[in-house]
Amino acid sequence: MDKPSTITNDIFPPGKTPIGEGSFRFDCHPGVPCFTRCCKNPDMYLYPYDIIRMKRRLHMDSDAFLARHTLSAIRDNPFFPSVMLKMAEGPEKPCPFLTAEGCGIYEDRPSSCRTYPLERGVTRMDRLGRREEYYFLQKDAHCLGHREEKEWTVADWVADQDIEAFNRMNDLWVDMDSLFRTNPWPKNGDKQLRMAVTACFNVDKFREFVFDSSFLSRFPLSADRVDRIRETDEEMMKLGFDWVRFFLTGRPFAP
Ligand code: SF4
Ligand code: SF4
């Protein structure tokens with residue numbers, strides 16, 4: 001299992017063809033001989049919405065979740081740190097949420113776990129606010145689920161794995177990630193970088209900042225939006241993205 005699979009350009013990865021309307025064979029269940037193998041020492045990148053889902057599931061705030069369960073490092077984006085799930089100690093380095101029965105946070109498992117064996121690519125949004133998505137089949141040698149008989153279309157798999165809500169939130173992240181890849185930081189921009197990491201990945205810390213500082217007097221929001229950011233992590237995450245985009249590009253955001 002590799003990083004959550006979102007490709008931010010229109011070019012298909014080498015050697016990969018979108019599944020389109022076609023179908024693929026796959027099944028994953030406790031009867032497959034490799035059951036939970038992919039939950040040991042995976043290189044798992046997390047998206048901001050993955051963190052929201054997992055920290056809520058674990059009844060933790062995002063600051064505590066990030067400190068306990070994640071690592072952060074410069075990886076494929078040279079201008080912004082990636083956040084990865086920290087594996088448990090031990091020779092097999094299992095995912096900390098792996099239990100004898102399988103995934104212990106199944107309903108809230110991150111994007112990469114739920115999308116596999118598919119890999120999703122999306123184009124950047126065009127001027128009319130449209131983007132296209134493609135799905136590719138990802139075949140890993142250790143995964144014997146590909147030898148199972150069950151046949152799926154992409155639409156069936158997306159519905160069965162409850163992927164759509166993740167896709168919608170991850171698409172917003174794609175736009176932020178694309179911006180960070182342009183190296184938008186001012187000279188000596190460490191402070192801005194730290195603020196962006198907090199706004200994107202640490203939703204509870206960002207909420208504290210919004211409500212406990214002069215943020216709302218500097219960026220007055222409508223009463224409706226204030227209610228929404230108070231009530232949901234998703235809306236607070238969107239505000240975080242809007243604000244970071246504003247201070248990096250000057251693009252105003254809706255109050
Ligand atoms: S979150 Fe669940 S499915 Fe994903 S690696 Fe961990 S145990 Fe496996
Ligand atoms: S079938 Fe594939 S996805 Fe399922 S447990 Fe085995 S390696 Fe993981």
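How many salt bridges does a search of the whole structure find? The search finds 26 salt bridges. The structure is a predicted model, and the exercises below take you through some of its features.

**Exercise 1. A bridge between helices α10 and α1**

Task: Find the salt bridge between D233 and R56, and work out how each partner is placed.

Solution:
- Step 1. Start with the contact: the side chains of D233 and R56 meet in a salt bridge, 3.1 Å from N to O.
- Step 2. Now locate the partners. D233 lies in helix α10 (residues 233-249) and R56 in helix α1. The two are 177 residues apart, and the pair links distant parts of the chain.
- Step 3. Check the cover of D233. Buried means under 20% relative accessible area. D233 has 7%, so D233 is buried.
- Step 4. Do likewise for R56. Partly exposed covers the range between the buried limit of 20% and the exposed limit of 50%. R56 has 34% relative accessibility, so R56 counts as partly exposed.

**Exercise 2. Two other bridges and a network**

Task: Describe the salt bridges R181–D177 and D242–R225, then look for a network of shared partners.

Solution:
- Step 1. Look at the side chains of R181 and D177, which form a salt bridge at 2.7 Å, N to O.
- Step 2. Compare their values with the cut-offs. R181 counts as partly exposed because its relative accessibility is 28%. D177 is buried because its relative accessible area is 12%.
- Step 3. Move on to D242 and R225, whose side chains meet in a salt bridge of 2.8 Å, N to O.
- Step 4. Place this pair: D242 lies in helix α10 and R225 in helix α9 (residues 223-231), so the pair ties together parts that are 17 residues apart in sequence. Both D242 and R225 are buried.
- Step 5. Finish with the network. Salt bridges that share partners join R120, R131, E133, E164, R168, D171 and D175 into one network.

**Exercise 3. A cis peptide bond and its surroundings**

Task: Which peptide bond is cis, with omega near 15°? Follow the chain from there to D140.

Solution:
- Step 1. The cis bond is the one from Y116 to P117.
- Step 2. P117 sits in the loop between α3 (111-115) and β6 (118-122).
- Step 3. Turn to D140, which lies in another stretch, the loop between β7 (133-137) and β8 (151-153). D140 counts as partly exposed because its relative accessibility is 22%.
- Step 4. Relate the two places: D140 and P117 are 23 residues apart in sequence, with 8.6 Å between their C-alpha atoms.
- Step 5. Add the side-chain contact. The side chain of D140 makes a polar contact of 3.0 Å with the side chain of Y116.

**Exercise 4. Positive phi values**

Task: T36 and K93 have positive phi values. Where do they lie, and are they buried or partly exposed?

Solution:
- Step 1. T36 has a phi of about 75°, although T36 is not a glycine. T36 lies in the loop between β1 (23-25) and α1 (48-57).
- Step 2. With 14% relative accessibility, T36 counts as buried.
- Step 3. K93, also a residue other than glycine, has a phi near 45°. K93 lies in the loop between β3 (82-85) and β4 (98-99).
- Step 4. With 40% relative accessibility, K93 counts as partly exposed.

**Exercise 5. Surface patch and buried serine**

Task: Is D212 buried or exposed? And S62?

Solution:
- Step 1. Begin with the patch: D61, D63, E208 and D212 form a negative surface patch.
- Step 2. D212 lies in helix α7 (residues 203-212). Exposed means over 50% relative accessible area. D212 has 64%, so D212 is exposed.
- Step 3. S62 lies in helix α2 (residues 62-69). S62 counts as buried because its relative accessibility is 0%.
- Step 4. Look for a partner of S62: a polar contact of 2.6 Å joins its side chain to that of N202.

**Exercise 6. A proline in a loop**

Task: What separates the C-alpha atoms of P110 and L46?

Solution:
- Step 1. Place P110 in the loop between β5 (102-103) and α3.
- Step 2. P110 counts as buried, at 3% relative accessibility.
- Step 3. The C-alpha atoms of P110 and L46 are separated by 7.0 Å, with the two positions 64 residues apart along the chain.

Methods
Residues numbered from 1 in each chain as written. Chains lettered and ligands numbered in written order. Predicted model: local features only at pLDDT ≥ 70, side-chain atom pairs only at ≥ 80, totals over all residues. Heavy atoms only, no water. Patch = residues over 30% accessible without salt bridge, like charges linked within 9 Å, V, L, I, M, F, W, Y side chains within 5 Å. Areas by Shrake-Rupley, 256 points an atom, 1.4 Å probe, with all protein chains shown as cover. Salt bridge = Lys/Arg side-chain N within 4 Å of Asp/Glu carboxyl O. Lys, Arg positive; Asp, Glu negative; His and termini not counted. Charge placed at Lys NZ, Arg CZ, Asp CG, Glu CD. Helix = DSSP H or I, 4+ residues; strand = E, 2+ residues; numbered from the N terminus. Buried < 20%, exposed > 50% of the residue type's maximum accessible area, 1.4 Å probe, protein only. Polar contact = N/O pair within 3.5 Å; in protein donor to acceptor, adjacent residues only side chain to side chain.
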